[in-house]
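This briefing goes through helix packing, strand pairing and the ligand shell in turn. Keep the sequence and the structure at hand while reading.

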Amino acid sequence: MGTSFWRGALALCRGRLRDDPVCGPATLHRYCARRALPALAEDALRVAAARARSLERMPGPRTVSNLVEFFWRDGFSRIHEIQLEHSRKYGKIFKSRFGPQLVVSIADRDMVAQILRSEGVAPQRANMESWKEYRDLRNWSTGLISAEGEEWLQMRSVLRQLVLHPHDVATFSDDVNSIVADLISRVYILRAKQADRLTVINVNDLFFKYAMEGVSTILYECRLGCLEENIPQQSLEYIAALHLMFSSFKTTMYAGAIPKWLRPIVPKPWEEFCRSWDGLFRFSQIHIDRKLLEIQEQVAAGQGVTGRLLTHLLVSKELTLEQVYANMTEMLLAGVDTTSFTLSWMTYLLARHPEVQQQVYVEVVKKLGHDRVPVAEDIAHLPLVRGLVKETLRLFPVLPGNGRITQQDLVLGGYFIPKGTQLAMCHYTTSLDEENFPGAKEFRPQRWVRKNSTDRVDNFGSIPFGYGIRSCVGRRIAELEMHLAIIQLLQKFRIEVSPLTQTVRAKTHGLLSPGGPINLKFVDRQ
Ligand code: HEM
């Protein structure tokens, strides 16, 4: 269609659809932007912006009550609940202030879609200043999570080719399955220690070790021994650094709200933050240097160099060594708690909903029997298992919210949002919105299963891995680890809630995590 058509359409919007929120100029702007019609997109934005309300008129909590809520009433561990409360009170788009920082929160599926679909080539994540500051201080590079702009784009284009393609990730099936075998052995050992010989106390501890072993086997091409009875000292030190990182989350992620001049007076949080990063980087460096040495020895001995992800990065030199250190560190950090919390919630939900567990179990044994070890290719034929993972992440999205800094002016929900504004997408709220998911509080993995090939079950209300170019680069790895683990656990055990477990509520601890220990019984299947 020619430009004149779009000019006509714009004129129509200006003249006739002035007050129509669905077909108005903001929609036309998005449409023209997507169709790469920059002049028309700008024109449409000008019209939309002229009509939009200013940020001043956007509702939201008062600055002081917000600070009281977060700093005195421990709002940081209730961020997900506050999201829900605020969106009920102020609507699907509202603003808040954290000290000098203005944040516009979006709790609407279509607006989230609008933001993510209109992102440029290198979307900017919010609240990463303290991460960058630490890296500058120690002369480390930034990794995918903390990098921006050109540097991020370059690293992302290298890494996504290695870990985001389902076919490449499928090659890790055997590695992951050998760790699942250790996970299952560990279940036998742990439950044998309890009086009923069935209960595993605090399953998250077990899944944490599984996830750490899994992701580091893929990243560093070596086993760490996390599922052994006596965990090696180095791995224990890493675990301590990781825990320290999340306990200093409050102050560091919201560094914008805590002025730097306060650090000399209250030095502990920043010191702990640096100490935990030191531990994480040190751990990565040890494993990467070991691999580098191995490669050098192979080359010196005239042998061919064989290996997987890390070997490829070190041999191909597509990333600098500094970038390899930083990316391995950030991916390991991103890949442990996320996966383990999801597995903990998943087993908890299955234990509380035996009828759902039975349906998933029937699907698994129909396809694989009790003994066949699954491989990545089997997962395509297990729609309910995939639905189980999606439904768990809908009810408990590990990242209950996600941030962006807008890189262009936007009109969102009738408000003009200038370039450079911090946005917070409220995924927890949209996941529990009845408009997006009827029976939103219920656990129904079946809702994700397509009835026929034309059926669409995608929904911007629940995008636990994000969407688009800046979405989770470890998504396929995480899915592989979770699918292979849950299939084999269900082949072997019926999972039940232990009387030692109360109702477990979620808390935000950097990520959305179980607020208390989940103790489950693993009963042998016949
Ligand atoms: C259940 C498991 C996981 C969930 C729910 C999850 C979720 C997310 C989300 C929501 C983001 C932000 C996306 C955005 O800003 O749009 C993200 C980013 C990221 N995740 Fe994951 N993640 C998981 C597992 C993993 C694993 C296993 C790894 C590494 C092996 C990983 C590595 C990363 C990295 C490096 C980024 C930054 C990507 C970038 O900025 O380019 N994640 N993840």
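H10 passes H11 in a crossing that is right-handed. The model is predicted, and the points below are grouped by topic, starting with the two helix partners of H10.

**Helix H10 and its partners**

- Helix H11 covers residues 203-220, and its axis lies 10 Å from that of H10 at an angle of about 160°.
- An angle over 145 degrees counts as roughly antiparallel, and H10 and H11 are therefore roughly antiparallel to each other.
- On the H10 side, the residues that meet H11 are Asp175, Val176, Ile179, Leu183, Arg186 and Leu190.
- Their counterparts in H11 are Leu206, Tyr210, Glu213, Gly214, Thr217 and Ile218.
- The contact of H10 with H11 contains seven nonpolar, two polar and three charged residues.
- H10, which spans residues 173-192, also meets helix H21 (residues 475-492): the two axes come within 10 Å and cross at roughly 45°.
- That angle makes H10 oblique to H21.
- The crossing of H10 and H21 is right-handed.
- H10 contributes Ser173, Val176, Asn177, Val180, Leu183 and Ile184 to the contact with H21.
- From H21, the contact takes in Leu480, Glu481, Leu484, Ala485, Gln488 and Lys492.
- By class, the residues of the contact of H10 with H21 are seven nonpolar, three polar and two charged.
- Val176 and Leu183 of H10 appear in the contact with H11 and also in the contact with H21.

**Helices H14 and H15**

- Helix H14 (residues 268-300) packs against helix H15 (residues 309-316) at an angle of about 65°, and the axes are 10 Å apart.
- H14 is, by that angle, roughly perpendicular to H15.
- The crossing in which H14 passes H15 is right-handed.
- Ile288, Lys291, Leu292 and Ile295 are the H14 residues that meet H15.
- They face Leu310, Thr311, Leu314 and Val315 in H15.
- This contact of H14 with H15 divides into six nonpolar residues, one polar and one charged.

**The four-stranded sheet**

- Four strands make an open sheet with mixed pairing, in the order E1-E2-E7-E4.
- Strand E1 (93-98) and strand E4 (402-405) are the edge strands, each pairing on one side only.
- From one strand to the next, the twist averages 30°.
- E4 is paired with strand E7 (residues 422-425) in the antiparallel sense, over four bridges.
- Opposite Asn402 stands Met425 in E7.

**The three-stranded sheet**

- A further open sheet has three strands in the order E3-E11-E8, with antiparallel pairing.
- Its edge strands are E3 (199-200) and E8 (493-497), and each pairs on one side only.
- E8 and strand E11 (residues 520-524) run antiparallel and are joined by five bridges.
- Between E8 and E11, Val497 has Leu520 as its bridge partner, and Glu496 stands opposite Lys521 in E11.
- E3 pairs with E11 over two bridges, also in the antiparallel sense.
- Thr199 has Lys521 of E11 as its bridge partner.
- Lys521 of E11 is thus listed opposite Glu496 and as the bridge partner of Thr199.

**The hairpin of E9 and E10**

- Strand E9 (residues 506-509) pairs with strand E10 (residues 511-514) over four bridges, in the antiparallel sense.
- Thr508 is placed opposite Leu512 in E10.
- The hairpin has one residue between the strands, and Gly510 takes a positive phi near 80° there.

**The ligand shell**

- There are 26 residues around the ligand, and Ala334, Gly335, Gly466, Cys472 and Gly474 come nearest.
- Helix H16 (321-352) and H21 each supply at least two residues of this shell.
- The largest share of the shell, seven residues, comes from H16.
- By class, the shell has 14 nonpolar, eight polar and four charged residues.
- H21 therefore has two entries in this briefing: as a supplier of residues to the shell around the ligand and as a partner of H10, to which H10 is oblique.

Methods: Residues numbered from 1 in each chain as written. Predicted model: local features only at pLDDT ≥ 70, side-chain atom pairs only at ≥ 80, totals over all residues. Axes fitted to C-alpha atoms, helices over the stretch in contact; angles between N-to-C directions. Parallel < 35°, antiparallel > 145°, perpendicular 65-115°, else oblique. Left-handed = near helix turned anticlockwise from the far one by under 90°. Contact = placed C-beta atoms within 7 Å. Nonpolar A, V, L, I, M, F, W, Y, C, P; charged D, E, K, R; others polar. Pairing = 2+ DSSP bridges. Near = placed C-beta within 6 Å.
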